[in-house]
Amino acid sequence: MAHILVIDDNLDICQLLDRFLTKKGHNVQTTISGKTGLDYIKKTQYDLIFCDFKLREMDGREILQKVKEVSPSTQVVIITGYADVKIAVEVIKNGAFDYITKPLIPDEILLLIDRCMLAKKESHSYSVNFLKPNEMGNSSNSSTNLPKDNYLRGIGKESRKLYKEVQLVAPTNLSVVIYGESGAGKENIAKIIHEQSSRAGKPFIAIDCGALTKELAGSELWGHEKGAFTGAHSDKAGQFELADGGTIFLDEISNLSYEIQVGLLRLVQERKLRRIGASKDRSIDVRILVASNEDLRKSVQEGKFREDLFFRFNEFSITVPPLRERKDDIAAFSKHFLELANEELNKDLVGFDPDVLDVFLNYDWPGNLREMRNVIRRAILLSNGRTISLSGLPPEVVYFRKFNFKELDEEDPQLETVRNDSYSSLKNAAAGAEAAILRKVLEEVKYNRTKAAQRLGIDRKTLFNKMKQYDL
């Protein structure tokens with residue numbers, strides 16, 4: 001049983017989530033007010049919070065920030081509209097557990113709760129492993145000549161270049177800065193570097209710096225002694241101490257406060273740390289890999305990151321290309337995520353309809369591998385057949401090439417209806433999204449059915465039937 005708080009200014013969603021999750025055995029509290037939700041959080045310890053990003057009085061960013069300050073162990077899942085993937089990526093960078101898009105799918109919500117509860121049992125912060133161990137990762141590529149490992153690797157031009165750099169730096173003891181957009185798989189690259197080094201078999205610990213609050217970062221990283229501060233009821237080893245002999249990966253390193261950067265610089269220089277409240281230093285041997293989705297040189301220039309610490313880390317740098325630049329890998333990655341989702345959801349889908357791969361190749365994947373994972377998992381949940389079809393994909397993915405969602409009017413009441421559609425009408429919400437697109441295209445071509453059908457990539461008969469269905 002999970003203790004869950006739902007914050008959404010759509011009363012229907014609150015009530016229906018309450019009924020649904022309560023029937024599943026969870027303890028649920030709801031509110032339509034962000035401010036009331038924050039009051040609840042100060043008084044009650046929750047396992048998980050579902051929070052709509054677009055609240056009337058504040059947004060999901062503010063809720064997330066406050067939750068991490070008051071209750072760092074509470075996981076936050078952001079609910080977004082179908083056109084808000086970039087916002088979702090941003091909030092995950094800032095410490096959200098995950099995101100889900102409207103219309104909501106019951107099985108997806110239950111899966112998120114299960115993952116959340118599993119994550120709370122882990123000894124360190126949960127992070128998504130985009131490319132989990134898979135037998136497909138053992139197939140070597142002659143052009144890269146890399147040793148075999150347990151991770152699925154791309155074989156396209158950009159991927160071959162990436163893994164040549166990994167092969168070059170992995171056997172050394174150099175610190176590495178890994179650049180890349182959120183969701184591109186930076187942690188996976190860090191794991192491969194670790195496993196192809198002499199430290200393989202020793203601890204690999206990943207820390208999301210965006211999820212560390214200023215107050216608790218020191219204790220999490222360095223550890224503390226019993227009685228060092230209020231609430232320190234026992235000795236605690238920090239993550240650096242736990243990683244001794246192995247590798248530590250600091251994701252979104254630029255989010256660390258200035259005070260923690262000072263302590264980190266001392267640790268890097270002297271290879272020693274001191275627990276909070278301790279009187280003696282401890283020697284450690286840890287290889288440090290860091291990641292950032294922004295240029296650390298720019299952060300240094302803006303005064304957000306210490307220059308001396310940057311030079312300590314920047315012994316070697318690697319850039320993980322975004323998914324939109326790895327088109328040669330789309331098919332392999334899609335198959336991989338299909339296999340993972342089949343196992344996770346106890347499904348047995350065998351592949352994708354031919355036109356689905358074409359859509360995947362023409363979509364720009366702003367959320368990168370994380371978004372692909374979610375799209376495929378969601379499509380499997382919606383599928384009634386043996387393959388994933390276009391009907392199971394979000395509208396912004398299907399129509400990206402022919403009808404770019406970025407051009408839609410954010411104030412369009414039709415789209416707002418789709419974003420705020422209630423939990424009780426999931427099919428209606430999907431139909432509403434399709435109707436909004438059809439109406440927009442028809443208006444642009446002045447209801448010329450031939451042109452509209454060409455633009456949408458469907459035949460005139462299908463267009464006529466859909467116009468009749470949606471009373472257009």
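Two strands pair if DSSP finds at least two bridges between them. In this predicted model, strand S4 (residues 75-80) and S5 meet that criterion, pairing in the parallel sense over four bridges. Thr-80 has Thr-101 in S5 as its bridge partner.

S4 and S5 belong to an open sheet of five strands. The strand order is S2-S1-S3-S4-S5, and the pairing is parallel. Strand S2 (27-31) and S5 stand at the edges. Each has a single partner strand, so one side of each is left without a neighbour in the sheet. On average, neighbouring strands of this sheet are turned by 20 degrees against each other, direction ignored.

Strand S5 covers residues 98-101 and includes Asp-98. Buried means under 20% relative accessible area. Asp-98 has a relative accessible area of 0% and is therefore buried. The side chain of Asp-98 makes a polar contact with the side chain of Arg-115, at 3.0 Å. Residues up to four places away in sequence aside, Asp-98 touches Val-76, Val-77 and Ile-78. Its contacts also include Ile-92, Leu-112 and Arg-115. Arg-373, Asn-374 and Arg-377 are likewise among the residues touched by Asp-98.

A further open sheet has five strands in the order S7-S10-S13-S6-S14. Its pairing is parallel. The edge strands are S7 (204-208) and S14 (317-319), and each pairs on one side only. Neighbouring strands in this sheet are turned against each other by 20 degrees on average, with direction ignored. Within the sheet, strand S10 (residues 247-251) and strand S13 (residues 287-292) run parallel and are joined by four bridges. Ile-248 stands opposite Ile-288 in S13.

Helix H6 (residues 157-169) lies across three strands of this sheet: S6 (176-179), S13 and S14. H6 runs at about 160 degrees to S14.

Helix packing was examined for H13 and H14. Two packed helices are described by the angle between their axes and the distance between the axes. Helix H13 (residues 330-345) packs with helix H14 (residues 354-362) at an angle of about 115 degrees. The axes of H13 and H14 are 10 Å apart. The crossing of H13 past H14 is right-handed. On the H13 side, the contact involves Ile-330, Ala-331 and Ser-334. These residues meet Leu-357, Phe-360 and Leu-361 in H14. The residues of the contact divide into five nonpolar, one polar and no charged.

Terms used: Residues numbered from 1 in each chain as written. Predicted model: local features only at pLDDT ≥ 70, side-chain atom pairs only at ≥ 80, totals over all residues. Heavy atoms only, no water. Axes fitted to C-alpha atoms, helices over the stretch in contact; angles between N-to-C directions. Helix = DSSP H or I, 4+ residues; strand = E, 2+ residues; numbered from the N terminus. Left-handed = near helix turned anticlockwise from the far one by under 90°. Contact = heavy atoms within 4.5 Å. Nonpolar A, V, L, I, M, F, W, Y, C, P; charged D, E, K, R; others polar. Buried < 20%, exposed > 50% of the residue type's maximum accessible area, 1.4 Å probe, protein only. Polar contact = N/O pair within 3.5 Å; in protein donor to acceptor, adjacent residues only side chain to side chain.
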